[in-house]
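Please look through the structure below slowly, with the sequence beside it, and follow the chains as the paragraphs take them up.

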Amino acid sequence: MKIIYNNNGTLIQLIPAPKFLATLTGTLEEKLIHLANKDLPTGTPYEITDADLSDRTFRDAWEYVAGDSEQTSSDLSLDDQLKYNQITQEVYDAS
Amino acid sequence: MSYLGRSAKLSLKAQEKVSFLATAGQTVKTGLSYTPSFIEVYVNGVLLTDTTDFTATNGNSITFTVALLLNDEVTVISLKTFTVADHYNKTEADTLLAAKATNTAVALKAPIAAPVFTGNVGIGVTPEGDIVADRPHVRIGSTTSLSGSNTNDQTYLSNNAKQVTTAHASGWEYLTTDYASQYKQREGTHTFQVAPSGSADAAVSWTTALTITNDGRGLSDFTAFSWCHWNMSNTNIDGSYNVSSIQDLGTGRQRPLFVNNASDGNYSAVANGNSVANWNGSETTVIAVNTTGAEVYHIEAGTTKDATNAFVICIGG
């Protein structure tokens, strides 16, 4: 399973690291949603898919087309943002 | 006085008897040896009363109150004290018995070839009752624990921590109000963990300070953050540490995204002197670092990164 999203008309894949997923709790989909919220800019439309995109012959040829299962990345919780060093302790304390 | 059926002259000399016939008017008998108050005097078979009938205070003579008559049969028995060689007196025996009572736990046990303890073991301390059954502890003193699992491959040497549930990460509590630390061996990996000061019996939240992987890499969560084991052929990062995902940009660029962002700003560099945003060229090696990670890659022509020939060095935040 991976996350795909659009970047100026080009499909970008976000391949999860197995060891990182192992640190998360919940279903695989819940873990991937957490990963999307962490590694994608907030508000980025994306889909979770198991499509085979390994062919790099035309690596720029893939295009992202929004499907029924499209989701949008959101902010992590403040605790998670602090945990991942995305905000400082000062920002966390002030929030 | 003799013992029943025995002569008074016992070899141990518990008593000494002197007999003589008195002369007319005799009042003193000398040449004796006795201990004052330990003497009996008989005259013609009649036991005299001490101090009333005679005086015996100097250890070697007695003085009769009434002068003796000629041929009065006088018997003087002096009671002797004695010591038996190579024996313990009461005080010495009491001391020995007290010492034996103290050491009973050790002295009464025979050597045990292969002891098996079914529960926890305490050395200088009684193991806490809430230690989870599947994680037997050897508790040493007030804050040391050596523990393992009955069912899984894990070994722990802990300071100020006890395991109260089987959850290997979250199942620990503080022993006393203080900091805690732990060295863990699990699944072929060495892990050094630390925790801030917490209250006794509160849950411990471990932070991994250093990991030594099975293939010998040392990974510190505080310094060299991450290790990226990147297989470019099928785009996976199995075995990577502190990397959350690969971002495959579809233009020949792939980059790892680290679990933790850098905390001290953005950095970038290009080997041929160009900026990261203008890395055109050929046969160029590009180094790019930002808050989410770092990458080193190779460009053969134009702006297209050659994934086939790319190599990547990951540097965490």
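In this predicted model, β8(B) and β9(B) run alongside each other in the parallel sense, and three bridges join them. One place where this pairing can be found is at Ile123(B), whose bridge partner in β9(B) is Ile140(B). Strand β9(B) also pairs with β10 (residues 144–148) of chain B, but here the sense is antiparallel and the pairing extends over four bridges. Within that second pairing, His137(B) has Ser147(B) in β10(B) as its bridge partner. Both kinds of pairing rest on a common principle, for strands of a sheet pair through backbone hydrogen bonds, either parallel or antiparallel.

Where β9(B) turns into β10(B), the two strands form a hairpin with three residues between them, and in this hairpin Gly141(B) takes a positive phi near 60°. The side chains along β9(B) are also worth following one by one. In a regular strand the side chains alternate between the two faces of the sheet. In β9(B), His137(B) and Arg139(B) point to one face and are buried, while Val138(B) and Ile140(B) point to the other face and are not buried.

What leads into β9(B) from the side of β8(B)? The two strands, β8 (121–123) and β9 (137–140) of chain B, are joined by a loop, and Ala133(B) lies in that loop. Ala133(B) counts as exposed because its relative accessibility is 69%, and the cut-off for that word is over 50%. Along the sequence Ala133(B) is 15 residues away from Thr118(B), and in space their C-alpha atoms are 9.5 Å apart.

Two other loops of chain B each hold a residue with a positive phi, although neither residue is a glycine. Thr51(B), in the loop between β4 (46–47) and β5 (54–55) of chain B, has a phi near 70°. Asn160(B) has a phi of about 60°, and its place is in the loop between β11 (154–159) and β12 (161–163) of chain B. Is each of these residues buried or exposed? Thr51(B) has a relative accessibility of 63% and therefore counts as exposed, whereas Asn160(B), at 1% relative accessibility, counts as buried.

We can now turn to chain A. This chain contains four helices and four strands, and, read from the N terminus on, its elements follow the order β-β-α-α-β-β-α-α. Of the 95 residues in chain A, 39% are buried. Among the contacts in chain A between residues at least 6 apart in sequence, 56% join residues at least 24 apart. The surface that chain A exposes comes to about 5,400 Å², and carbon and sulfur atoms supply 49% of it.

One loop residue of chain A can be examined in more detail. Leu24(A) is found between α1 (18–22) and α2 (28–39) of chain A, and it counts as buried because its relative accessibility is 12%. When its neighbours within four places in sequence are left aside, Leu24(A) is in contact with Lys31(A), His34(A) and Tyr84(A). The C-alpha atoms of Leu24(A) and Leu35(A) are separated by 9.4 Å, and the two residues are 11 apart along the chain.

The strands of chain A bring us back to pairing. Strand β1 (residues 2–7) of chain A pairs with strand β3 (residues 45–49) of chain A in the antiparallel sense over four bridges, and Lys2(A) has Thr49(A) in β3(A) as its bridge partner. These strands belong to an open sheet of six strands with antiparallel pairing, in the order β4(A)-β3(A)-β1(A)-β2(A)-β18(B)-β19(B). The edge strands of this sheet are β4 (71–72) of chain A and β19 (254–258) of chain B, each of which pairs on one side only.

Finally, the confidence of the prediction deserves attention. For the complex, the predictor gives an ipTM of 0.86 and a pTM of 0.41. Chain B has an average pLDDT of 77, and 67% of its residues score at least 70. Over residues 263–283 of chain B the pLDDT stays under 50, and the model has 41 contacts beyond four places in sequence for this stretch. Residues 306–312 of chain B also have a pLDDT below 50, with 16 contacts beyond near neighbours in sequence. Where pLDDT is low, the predicted coordinates should not be read in detail.

Technical notes: Residues numbered from 1 in each chain as written. Chains lettered and ligands numbered in written order. Predicted model: local features only at pLDDT ≥ 70, side-chain atom pairs only at ≥ 80, totals over all residues. Heavy atoms only, no water. Buried < 20%, exposed > 50% of the residue type's maximum accessible area, 1.4 Å probe, protein only. pLDDT = per-residue confidence, 0-100. Contact = heavy atoms within 4.5 Å. Pairing = 2+ DSSP bridges. Areas by Shrake-Rupley, 256 points an atom, 1.4 Å probe, with all protein chains shown as cover.
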